[in-house]
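Me: I'm new to this structure and would like a close look at one part of it. Could you take me through how two of its helices meet, and then show me a little of what lies elsewhere in the chain?

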Amino acid sequence: MKIRHWLLMGLLGGLAGCATTTPLEPRELVYATSSEETFREAVELMVEQGYVVRHADLSLGRAEASLARWPEYRLQLQVSEEGSGSRVRVSALKGSQPLPPYLLDPWLVALQHKLGVAP
């Protein structure tokens, strides 16, 4: 009876460990371009950088893409209206682990250049 109890506790503990994930912390930047233009250029930038866009919905302003080579990196993009411009929220995973948000700064700067709004 004790063996089954410990086996069950170990199994439940293992399942609980699988269910806990570190939340994604997005990096945000506001651009002086429309949300539609920003979204289209952001998705195009993903493709240019070798990402395969798995989901993209302009009406929701959301996209998700995976790097087409090892190791697997995934980008999650959200574009929304911000006054007369747009707010971009981007987060990334390497495998199943979230990447620190500051690592996305070069991507946001590349998007800024692509949009023609770099300082």
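Reply: Happy to help; what follows starts with the chain as a whole, moves to the pair of helices, and ends with two single residues.

Please keep in mind that this is a predicted model. The chain has three helices and six strands, and from start to end these elements follow the pattern α-β-α-β-β-β-β-β-α. Of its 119 residues, 28% count as buried. Among the contacts with a separation of 6 or more, 46% are between residues 24 or more positions apart.

Now to the part you asked about. Two packed helices are described by the angle between their axes and the distance between the axes. Here the pair is helix H2, residues 35–48, and helix H3, residues 105–115. Their axes come within 10 Å and cross at roughly 120°. That angle makes H2 oblique to H3, because it falls outside the 65 to 115 range for roughly perpendicular and is not over 145, as roughly antiparallel would need. As for handedness, the crossing of H2 and H3 is right-handed.

Which residues bring the two helices together? On the H2 side they are Glu37, Thr38, Glu41, Ala42, Glu44, Leu45, Met46 and Glu48. On the H3 side, their partners are Trp107, Ala110, Leu111, Lys114 and Leu115. Sorted by class, this contact has seven nonpolar, one polar and five charged residues.

Let's turn to a residue in a strand. Ser66 sits in strand S3, which covers residues 62–67. Ser66 has a relative accessible area of 2%, so it counts as buried, the cut-off being under 20%. Its side chain makes a polar contact with the side chain of Arg54, at 2.8 Å. Setting aside neighbours within four places in sequence, Ser66 is in contact with Gly50, Tyr51, Val52, Arg54, Glu72, Tyr73 and Arg74.

A loop residue makes a useful second stop. Pro26 is found between helix H1 (2–19) and strand S1 (27–31). Its relative accessibility is 30%, so Pro26 counts as partly exposed. Not counting residues up to four places away in sequence, Pro26 touches Arg89, Val90, Ser91 and Pro101. Pro26 and Gln76 are 50 residues apart in sequence, while their C-alpha atoms are 8.7 Å apart in space.

To look back at your helices: H2 and H3 cross at roughly 120°, with a right-handed crossing.

Definitions and conventions
Residues numbered from 1 in each chain as written. Predicted model: local features only at pLDDT ≥ 70, side-chain atom pairs only at ≥ 80, totals over all residues. Heavy atoms only, no water. Axes fitted to C-alpha atoms, helices over the stretch in contact; angles between N-to-C directions. Helix = DSSP H or I, 4+ residues; strand = E, 2+ residues; numbered from the N terminus. Parallel < 35°, antiparallel > 145°, perpendicular 65-115°, else oblique. Left-handed = near helix turned anticlockwise from the far one by under 90°. Contact = heavy atoms within 4.5 Å. Nonpolar A, V, L, I, M, F, W, Y, C, P; charged D, E, K, R; others polar. Buried < 20%, exposed > 50% of the residue type's maximum accessible area, 1.4 Å probe, protein only. Polar contact = N/O pair within 3.5 Å; in protein donor to acceptor, adjacent residues only side chain to side chain.
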